[in-house]
Amino acid sequence: MLIVKFAAMPKDISISAYFESYSHLPLIDVRSPGEFAKGHIPGATNIPLFSDEERAHVGTVYVQESREKAMELGYKYVTPKLQSFITESRKVAPQNQVTIYCWRGGMRSHAFGGHLKENGFDNVYIIKKGYKAYRTLAVSDYEEGFLHVLGGFTGSGKTHILNELKNKNHQVIDLEGLANHKGSAFGRIGMGEQPTTEQFANNLYWEWRQLNFKRPVWVEDENLSIGSVNIPLPLFNRIRESKLIFINIKREERAKLLVKDYVIGDVEKLIDSIKRISKRLGPQNTIAAIENVQQNNFYEAAMLILTYYDKYYAKGMKKREEEKIQLIPLPDTNSKDNAEKIVSAVESFSLHEKTK
């Protein structure tokens, strides 16, 4: 670690003050590259005080020798980089105004911020309690607002409907979009790399805190895990406790949409995904589904796969209170029409409830 005396010190601000008054400023994360990759405040630029190896070395010396020795080593590592810190920071913050954070808002961020102040930066702010303050909120602060939870059997086009609702200025949190995964065993097809669970929660909270909680928020009914990432438990619990708006569409229509959404030329990924649910699908259905995919009979394969997913979702529905489910039958998967019908049905139901 590093301690330097500065003539003009940066100003400490709380995480709430950052959201309210300083989030428009460039944001610098001075933690190591490994810490940053695991998770960071959205929009931050990483200008690490120490490399991963240097941070580990300083930590080892701190534990095995002394705080003073660790500070000496930290100063040795940092000194050759002092000019680069100024250069890189000016690229990020050409107006010489910047907000900085480290893990707990301690020595690393204050040393870095003080160095910027001594070298011409006018306004430098340090987030008190650092990244940890943001993380505390990102995994817990989901109590506000009213949720409209959209459910339906696999292939109902729920994500397409949410996109239509967003286009119509409804408030939407697209959990699968943030997770970069479509939520099933086939969910990685056509998608890129998923974020870490930590970064997923960070990105989610960044969107969540910008919502107007006087208006409803639409989310899709999800399992706790979306691919390799997990929904923060407080939000997941709220989704499960909220009323479920369940759209009911015939399997044949849903199979058509699955073919459109998932058949994008990578047959091997489709087959691999089928194998991942083989125990639940059963040996005969698994073999038949794979053979259909190999023969380009994608609709037939989708119909077989939906037999499993429909049973799985129906089982989960039984755990919900019947009075908290609003069933909306729909003829097909036309997302634009369905978005309008769902909003109309929900508004009519809400009006009916109020007049009881």
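Leaving aside its neighbours within four places in sequence, with which residues is Tyr299 in contact? In the predicted model examined here, the contacts of Tyr299 beyond that sequence range are Glu252, Ala255, Lys256 and Val259. Tyr299 itself belongs to helix 16, which spans residues 298-317. For one of these contacts, Ala255, the separation from Tyr299 is 44 residues in sequence, while the two C-alpha atoms lie 6.1 Å apart in space. The relative accessibility of Tyr299 is 31%, and the residue therefore counts as partly exposed.

The overall features of the protein provide the setting for this site. The chain comprises 356 residues, 47% of which count as buried. Its secondary structure consists of 17 helices and 12 strands. Taken along the principal axes, the box filled by the C-alpha atoms is roughly 70 × 55 × 35 Å. Among contacts with a separation of 6 or more, 74% are made by residues 24 or more positions apart. The accessible surface amounts to about 18,200 Å², and carbon and sulfur atoms contribute 50% of that area. As for charge, there are 49 positive and 43 negative side chains, with a distance of 2 Å between the centres of the two sets.

Two open sheets can be described in turn. Strands of a sheet pair through backbone hydrogen bonds, either parallel or antiparallel. One sheet contains 5 strands in the order 1-5-4-2-3, with parallel pairing. Its edges are occupied by strand 1 (11-13) and strand 3 (45-46); each has a single partner strand, so one side of each lacks a neighbour in the sheet. The partnership of strand 1 with strand 5 (residues 123-127) is parallel and extends over 3 bridges. Within this pair, Lys11 is placed opposite Tyr125 of strand 5.

The other sheet also has 5 strands, here in the order 7-8-6-11-12, and its pairing is parallel. Strand 7 (171-172) and strand 12 (325-329) form the edges, and because each has a single partner strand, one side of each is left without a neighbour in the sheet. Strand 6, covering residues 147-152, pairs in the parallel sense with strand 8, covering residues 217-220, through 4 bridges. Across this pairing, Leu150 faces Glu220 in strand 8.

Helix 8 covers residues 158-167, and its buried residues are Lys158, Ile161, Leu162, Glu164 and Leu165. Viewed down the axis of helix 8, these buried residues fall within an arc of 160°, so they line one face of the helix. An α-helix has 3.6 residues a turn, so residues three or four places apart point the same way. Following helix 8 is Asn169, which has a positive phi, near 70°.

A further site is located after strand 12. Thr333 occupies the loop between strand 12 and helix 17 (335-354). With a relative accessibility of 19%, Thr333 counts as buried, because the threshold for that class is under 20%. Leaving aside neighbours within four places in sequence, the residues in contact with Thr333 are Gly155, Ser156, Ile249, Glu253, Arg254, Leu257 and Asn338. Thus Thr333, in its loop, is classed as buried, whereas Tyr299, in helix 16, is classed as partly exposed.

Definitions and conventions: Residues numbered from 1 in each chain as written. Predicted model: local features only at pLDDT ≥ 70, side-chain atom pairs only at ≥ 80, totals over all residues. Heavy atoms only, no water. Helix = DSSP H or I, 4+ residues; strand = E, 2+ residues; numbered from the N terminus. Buried < 20%, exposed > 50% of the residue type's maximum accessible area, 1.4 Å probe, protein only. Contact = heavy atoms within 4.5 Å. Areas by Shrake-Rupley, 256 points an atom, 1.4 Å probe, with all protein chains shown as cover. Lys, Arg positive; Asp, Glu negative; His and termini not counted. Charge placed at Lys NZ, Arg CZ, Asp CG, Glu CD. Arc of directions from axis to C-beta. Pairing = 2+ DSSP bridges.
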